[in-house]
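Here are a few exercises to work through with the model open beside you. Try each task before reading its solution.

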Amino acid sequence: MDTTKSPNRSRPAGRRDSRRPAGTPRARRRPGPHDWFAERLLAVLSGQRPVHSLLGLTVGPAYEQLADLAPTGPPLGRPRPVLRHCGRFHPGPGVIEAFARIATGDRVSAMAFRLEQGPDLRWRCAAIEIRGPRTRGDSARGAAVVS
């Protein structure tokens with residue numbers, strides 16, 4: 001074994017090619033604007049951040065939707081919601097339709113939102129929808145259970 005080389009090599013000693021060994025985990029994808037918005041929306045919807053923190057980042061009726069969905073008081077002692085997965089779909093240029101799975105203790109909720117890119121190339125939220133697990137008494141469409 002050659003000990004004269006730096007110990008911070010990216011491949012084992014004696015290996016000449018740059019390929020990764022089989023079974024090596026893939027590199028994580030680069031976060032997109034939908035990931036950033038999902039975190040911010042969840043913080044507002046769970047009472048961790050005020051609704052007005054997204055005032056300049058929403059368009060159309062999205063701010064009113066957000067204000068209606070967000071709790072009015074400080075966060076209660078419930079388990080804090082955690083973003084488990086966030087995905088996206090590009091229906092056209094300058095539009096992202098995103099979806100997220102949110103875990104609050106042992107309950108799982110779904111959040112969907114639409115981002116639109118403005119002429120200034122900034123992404124803004126245009127619509128928000130929250131759905132939670134159905135329980136007795138809930139309507140067929142579900143209930144908001146993020147907080």
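**Exercise 1.** In this predicted model, decide whether Glu116 is buried, partly exposed or exposed.

*Solution.* Begin with the relative accessible area of Glu116, which is 30%. Partly exposed covers the range between the cut-offs of 20% and 50%. Glu116 is therefore partly exposed.

**Exercise 2.** Find the salt-bridge partner of Glu116, then follow the network onward.

*Solution.* Step one: Glu116 pairs with Arg114, and their closest N and O atoms lie 2.9 Å apart. Step two: Arg114 also meets Glu97 in a salt bridge, at 2.7 Å from N to O. This second pair links strand β2, home of Glu97, to strand β3, home of Arg114, across 17 residues. Step three: check the accessibility of the two partners, 32% for Glu97 and 26% for Arg114; both values lie between 20% and 50%, so each residue is partly exposed.

The structure holds 3 salt bridges. Asp120 and Arg124 form one of them, with N and O 2.8 Å apart. Here Asp120 is partly exposed at 40%, whereas Arg124 is buried at 16%. Shared partners join Glu97, Arg114 and Glu116 into one network.

**Exercise 3.** Place Glu97 in the sheet: which residue is its bridge partner?

*Solution.* Start with the sheet, which is open and antiparallel, with its 4 strands in the order β1-β2-β3-β4. Its edge strands are β1 (82–92) and β4 (123–131). Next, look at β1 and β2 (residues 95–104), which are joined by 8 bridges. Among the paired residues, Glu97 in β2 partners Phe89. Finally, add helix α1 (residues 33–45), which lies across β1, β2, β3 and β4 at about 125 degrees to β3.

Conventions
Residues numbered from 1 in each chain as written. Predicted model: local features only at pLDDT ≥ 70, side-chain atom pairs only at ≥ 80, totals over all residues. Heavy atoms only, no water. Pairing = 2+ DSSP bridges. Helix = DSSP H or I, 4+ residues; strand = E, 2+ residues; numbered from the N terminus. Contact = heavy atoms within 4.5 Å. Axes fitted to C-alpha atoms, helices over the stretch in contact; angles between N-to-C directions. Salt bridge = Lys/Arg side-chain N within 4 Å of Asp/Glu carboxyl O. Buried < 20%, exposed > 50% of the residue type's maximum accessible area, 1.4 Å probe, protein only.
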